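Trainee: I want to test the labels on this model against their cut-offs. Can we go through them one by one?
Mentor: Yes. Bring each label, and we set the value against the definition.

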Amino acid sequence: IIRCMPNLAAGIGMSETALSCSAAATAEDKKVAEEIFSLLGSFHYIEEGKMAAWTALSGSFPAFVALFLDS
């Protein structure tokens, strides 16, 4: 019902998490998701169609930078 994409910074409570809700998601569903993902950092609601771009920029990019720096 609710799709999420946290990023690497979730490990230190600084994630920028995207949330995308289906039409079936209720206000209670959203409240539970907000409670969960606020523990990881900030969260933002985005349209499902933008989730792939969010994944590339906010999800994968920081991990690639960390891998590059680690090497």
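**Labels and their cut-offs**

Mentor: Start with F37, which lies in helix α1. Keep in mind that this is a predicted model.

Trainee: What makes F37 buried or exposed?
Mentor: Its relative accessible area is 12%. Buried means under 20%. So F37 counts as buried.

Trainee: Which residues does F37 touch, leaving out those up to four places away in sequence?
Mentor: C4, T17, L19 and F43. Each has heavy atoms within 4.5 Å of F37. Take T17: it is 20 residues from F37 in sequence, yet the two C-alpha atoms are 7.1 Å apart.

Trainee: Where does C4 sit?
Mentor: In strand β1. Beyond four places in sequence, C4 touches T17, A18, L19 and F37. The C-alpha atom of D70 is 27 Å from that of C4, with the two positions 66 residues apart along the chain.

Trainee: Why is C4 called partly exposed?
Mentor: Its relative accessibility is 32%. The class runs between 20% and 50%. C4 falls inside, so the label is partly exposed.

Trainee: And C21, with 25% relative accessibility?
Mentor: The 25% also sits between the two cut-offs, so C21 counts as partly exposed.

Trainee: How do you know how many disulfides the structure holds?
Mentor: The count is zero. A disulfide is a covalent bond between the sulfur atoms of two cysteines. The test asks for two cysteine sulfurs within 2.5 Å. For C4, the closest cysteine sulfur is in C21, 10 Å away. That is too far for a bond. From C21 the search leads back to C4, again at 10 Å.

Trainee: What makes the contact between R3 and E48 a salt bridge?
Mentor: Their side chains meet at 2.3 Å, N to O. The limit is 4 Å, from a side-chain nitrogen of Lys or Arg to a carboxyl oxygen of Asp or Glu. The pair passes, so it is a salt bridge. As background, side chains of opposite charge can pair when their charged atoms come close.

Trainee: How many salt bridges does a search of the whole structure find?
Mentor: One.

Trainee: What parts does the pair R3 and E48 tie together?
Mentor: R3 is in strand β1, residues 2–5. E48 is in the loop between β3 (41–45) and α2 (51–70). The pair therefore ties together parts 45 residues apart in sequence.

Trainee: Are R3 and E48 buried, partly exposed or exposed?
Mentor: R3 has 41% relative accessibility and counts as partly exposed. E48 has 40%, and is partly exposed too. Both values lie between 20% and 50%, which is why they get that label.

Trainee: How do you know that β1 and β2 pair?
Mentor: The definition needs at least two bridges. Four join β1 to β2, so they pair. They run antiparallel. R3 has S20 as its bridge partner in β2.

Trainee: In what sense do β2 and β3 pair?
Mentor: Parallel, over five bridges. T17 is matched with F43 in β3. Between these strands the chain passes through helix α1, residues 27–38.

Trainee: What is the hand of that β-α-β crossover?
Mentor: Right-handed. With the strands pointing away from the viewer, the path from β2 over α1 to β3 runs clockwise, so it earns the name.

Trainee: Why is strand β2 called mostly covered?
Mentor: It spans residues 15–21, and five of its seven residues are buried. Buried means under 20% here as well, so those five each fall below that value.

Trainee: What about S58, buried or exposed?
Mentor: S58 lies in helix α2. Its relative accessible area is 13%, under the 20% cut-off, so it is buried. Outside four places in sequence, it touches N7 and E16.

Trainee: What pattern does the protein follow along the sequence?
Mentor: β-β-α-β-α. That comes to two helices and three strands.

Trainee: How much of the protein counts as buried?
Mentor: Of its 71 residues, 21%. The accessible surface is about 4,800 Å², and 67% of it belongs to carbon and sulfur atoms.

Terms used: Residues numbered from 1 in each chain as written. Predicted model: local features only at pLDDT ≥ 70, side-chain atom pairs only at ≥ 80, totals over all residues. Heavy atoms only, no water. Buried < 20%, exposed > 50% of the residue type's maximum accessible area, 1.4 Å probe, protein only. Areas by Shrake-Rupley, 256 points an atom, 1.4 Å probe, with all protein chains shown as cover.
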